[in-house]
Amino acid sequence: YGIMKYGTPLYVFHVDEMKELVELFRRELPERTGICFAMKANPFLVRQMSALTDRIEVCSVGEFEICRELGICPEKILISGVLKVKKEIYEILNYYRGTCAYTVESWDQYQTFVEWCNTNREPVRVYLRLTSGNQFGADEKTIQKMISVRKMCPFLKIQGIHYFSGTQKK
């Protein structure tokens, strides 16, 4: 019936079950634990998940555009992902400024954030992404270097370490 009425492709989501699952996580995890929805899992659910979770992880300019079009509260957004180039980082920074949080995944990205912060004289919150030995994040030596020079840019506010252990683990 739905295909005849709405055509194809047709996506049907059980939002009540999704809400129950998020509530289960809230009950089972320690009270201070924040829940982050990686919108790459399903960008169709961003609006609903932004109401249920503490953060929305945005990993591409396309995902950024979706959040912008939907008016997702920037304080809930974590801009992450290794494919950001300087132009994309600047586009997102110029739009959100320091209202959301960002991950820094390499020395080059760190320099890009420092440059933007110093030019605009605005604070930006970042998490330094530590690799687990895969292609995501910076190695320990690079993280230490970023931390050691942090005073050279008082506007870049290091909030912590973001550790990605990998996907598809059994």
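Does Asn42 count as buried or exposed, and at what relative accessibility? Asn42 counts as buried, at 16% relative accessibility, because buried means under 20% relative accessible area. The place of this residue is in the loop between β1 (36-38) and α3 (46-52). Leaving out residues up to four places away in sequence, Asn42 touches Phe13 and Phe37.

**Confidence**

The model is predicted. The protein chain has an average pLDDT of 91, and 95% of its residues score at least 70. Confidence is lowest in helix α1 (residues 2-6), where the mean is 82. Helix α7 (residues 140-148) has the highest value, 96.

**Aromatic rings**

There are seven aromatic pairs in the structure. In one of them, the ring centres of Tyr95 and Tyr96 are 5.0 Å apart and the planes are at 75°, so this pair is edge-to-face; the cut-off for that label is over 60 degrees. The two residues are not equally accessible: Tyr95 is partly exposed, with a relative accessible area of 40%, whereas Tyr96 is buried, at 4%. Elsewhere, Tyr11, Phe13 and Phe44 are linked into a cluster by ring pairs. Phe13 is also one of the residues that Asn42 touches.

Two rings have a charged side chain over them, as listed here.

| Charged residue | Ring | Distance to ring centre |
|---|---|---|
| Arg68 | Tyr95 | 4.7 Å |
| Lys145 | Trp107 | 4.0 Å |

Tyr95 therefore takes part in an edge-to-face pair with Tyr96 and also has Arg68 over its face.

**The nonpolar core**

In soluble globular proteins, nonpolar side chains tend to be buried together. The largest nonpolar core of this model has 38 residues. Those touching the most other members are Ile56, Cys67, Tyr96, Tyr102 and Phe113. Tyr96 thus appears both here and in the ring pair with Tyr95. Apart from neighbours within four places in sequence, Ile56 is in contact with several residues, including Cys36, Phe37, Val46, Cys67, Ile72 and Leu78. Phe37 is touched by Asn42 as well.

**Cysteines**

The structure holds zero disulfides. For Cys36, the nearest cysteine sulfur is that of Cys59, 8.6 Å away. Cys36 counts as partly exposed, at 41% relative accessibility. The sulfur of Cys117 has its closest cysteine sulfur in Cys153, at 4.8 Å, which is too far for a bond, because a disulfide needs the two sulfur atoms within 2.5 Å. Cys117 counts as buried, at 0% relative accessibility.

Methods: Residues numbered from 1 in each chain as written. Predicted model: local features only at pLDDT ≥ 70, side-chain atom pairs only at ≥ 80, totals over all residues. Heavy atoms only, no water. pLDDT = per-residue confidence, 0-100. Helix = DSSP H or I, 4+ residues; strand = E, 2+ residues; numbered from the N terminus. Phe/Tyr/Trp six-rings, centres within 6.5 Å; stacked < 30°, edge-to-face > 60°. Buried < 20%, exposed > 50% of the residue type's maximum accessible area, 1.4 Å probe, protein only. Lys NZ or Arg CZ within 6 Å of the ring centre and 35° of its normal. Core = buried A, V, L, I, M, F, W, Y, C linked by side-chain atoms within 4.5 Å. Contact = heavy atoms within 4.5 Å.
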